[in-house]
Amino acid sequence: MGLADIFRGLTSLFFPSLCLHCRRSLDRGSDLLCVGCDADLPLSDSYLQPENAVTDRLAGRFPLTYGAYAYTFRDGTVCQRLIHALKYHDRPDVGVALGRRFGTYLQSAEPLRGLTGIVPVPIHRRRRRQRGYNQAEEIACGLAESLSVTVYPDALQRAAFAGSQTKRDKLQRLENVRHSFRVGRGDFRNGHLLLVDDVLTTGATIDFCAEALIAAHPGLQISVVTLAVAER
Ligand SMILES: [Zn+2]
């Protein structure tokens, strides 16, 4: 037992970890949720279904090899609590843990067998500085552990905010988002990349990322995995 383990042991003795949803103290061994709240986080079977909410929302936009999501995002649910902790309460470990967990299910997904890399949807540098991390990258790291595939966080970059977006109309804002994605480092010709994001809403962000990557890397296949899909 090293010093770090002793310290962790003492810390958990005085400050037991709490369930992220109901705030009860957690049993040793569980890291995010108590058993009861964990049961309230149903895993979607989308990873077994060739057609699901992810493939539906991205249909007709770009050639998608495989799409899946772990949970449905609804107000007041355990899923919403976890995503909020990940995005707004300095809990990057939530992304890693849930990515790792979903990755164990994706191990059986036949279309992901030839995966050559995992690419998180990038966030603006300013937002990354505020948050301290990119939540999509944390999920990607968890997935990468389970799937034994490398994460390429610099394969896509996101340009800085171009002033206030509030006065522009919706279409113009969407165009700005489209042009904010730039291809970064790496040669992924004839490869197969897994694009990863926290929540899929309209699919526009993923679409722009995929289009940028496909345009830059001939013969590239794209698959998409998100932690959650927002209910419409
Ligand atoms: Zn709980």
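**Exercise 1. Where is the place of Asp90?**

Solution. Asp90 lies in the loop between helix H4 (78-88) and helix H5 (92-106). Helices here are DSSP runs of H or I with at least four residues, strands are runs of E with at least two, and both are numbered from the N terminus. The model is a predicted one, in which local features need pLDDT of at least 70 and side-chain atom pairs count only at pLDDT 80 or more, while totals for chains, interfaces and linings use all residues. Residues are numbered from 1 along each chain as its sequence is written, and side-chain values use heavy atoms, with hydrogens and water left out.

**Exercise 2. Determine the backbone setting and exposure of Asp90 and Arg23.**

Solution. Step 1: the background expectation.
Most residues other than glycine have a negative phi.

Step 2: Asp90. Just after H4, Asp90 takes a positive phi of about 55°. Asp90 counts as exposed because its relative accessibility is 57%; the classes are buried (under 20% relative accessible area), exposed (over 50%) and partly exposed (in between), computed with a 1.4 Å probe and protein chains only.

Step 3: Arg23. Although Arg23 is not a glycine, its phi is positive, about 70°. Arg23 is placed in the loop between helix H1 (3-14) and helix H2 (35-39). With a relative accessible area of 48%, Arg23 is partly exposed.

Step 4: another residue of that loop. Leu18 is also found in the loop between H1 and H2, and at 33% relative accessibility Leu18 counts as partly exposed. From C-alpha to C-alpha, Leu18 and Asp31 are 8.4 Å apart in space, with a sequence separation of 13 residues.

**Exercise 3. Establish how far helix H4 is enclosed, and follow one of its buried residues to a partner.**

Solution. Step 1: the burial of H4. Of the 11 residues of H4, 8 are buried, so the helix is largely enclosed by the rest of the structure.

Step 2: the residues concerned. The buried residues of H4 are Val78, Cys79, Gln80, Leu82, Ile83, Ala85, Leu86 and Lys87.

Step 3: the partner of Lys87. Lys87 forms a salt bridge with Asp198, and the closest N and O atoms are 3.4 Å apart; a salt bridge requires a side-chain nitrogen of Lys or Arg within 4 Å of a carboxyl oxygen of Asp or Glu. Lys87 belongs to helix H4 and Asp198 to strand E5 (residues 192-200), so this pair ties together parts that are 111 residues apart in sequence. Both Lys87 and Asp198 are buried.

**Exercise 4. How many salt bridges does the structure hold?** **Examine further pairs.**

Solution. Step 1: the total. The structure holds 12 salt bridges.

Step 2: a pair of exposed residues. Glu110 forms a salt bridge with Arg113, with the closest N and O atoms 3.3 Å apart. Glu110 and Arg113 are both exposed.

Step 3: a pair within a helix. Arg178 and Glu175 form a salt bridge whose closest N and O atoms are 3.2 Å apart. Both residues lie in helix H8 (residues 170-180), 3 residues apart, about one turn of the helix. Arg178 is partly exposed at a relative accessible area of 30%, and Glu175 counts as partly exposed at 31%.

Step 4: the network. Salt bridges with shared partners join Glu175, Arg178 and Glu211 into one network.

**Exercise 5. Describe the burial and pairing of strand E1.**

Solution. Step 1: burial. Strand E1 (residues 64-73) has 7 of its 10 residues buried, so the strand is largely enclosed by the rest of the structure.

Step 2: pairing. E1 pairs with strand E6 (residues 221-230) in the parallel sense over 8 bridges; two strands pair if DSSP finds at least two bridges between them.

Step 3: one bridge. Ala68 has Val225 as its bridge partner in E6.

**Exercise 6. Is Cys209 buried or exposed?**

Solution. Step 1: location. Cys209 is found in helix H9 (residues 204-216).

Step 2: class. Cys209 counts as buried because its relative accessibility is 0%.

Step 3: a distant position in sequence. Cys209 and Gly60 are 149 residues apart along the chain, and their C-alpha atoms are separated by 15 Å.
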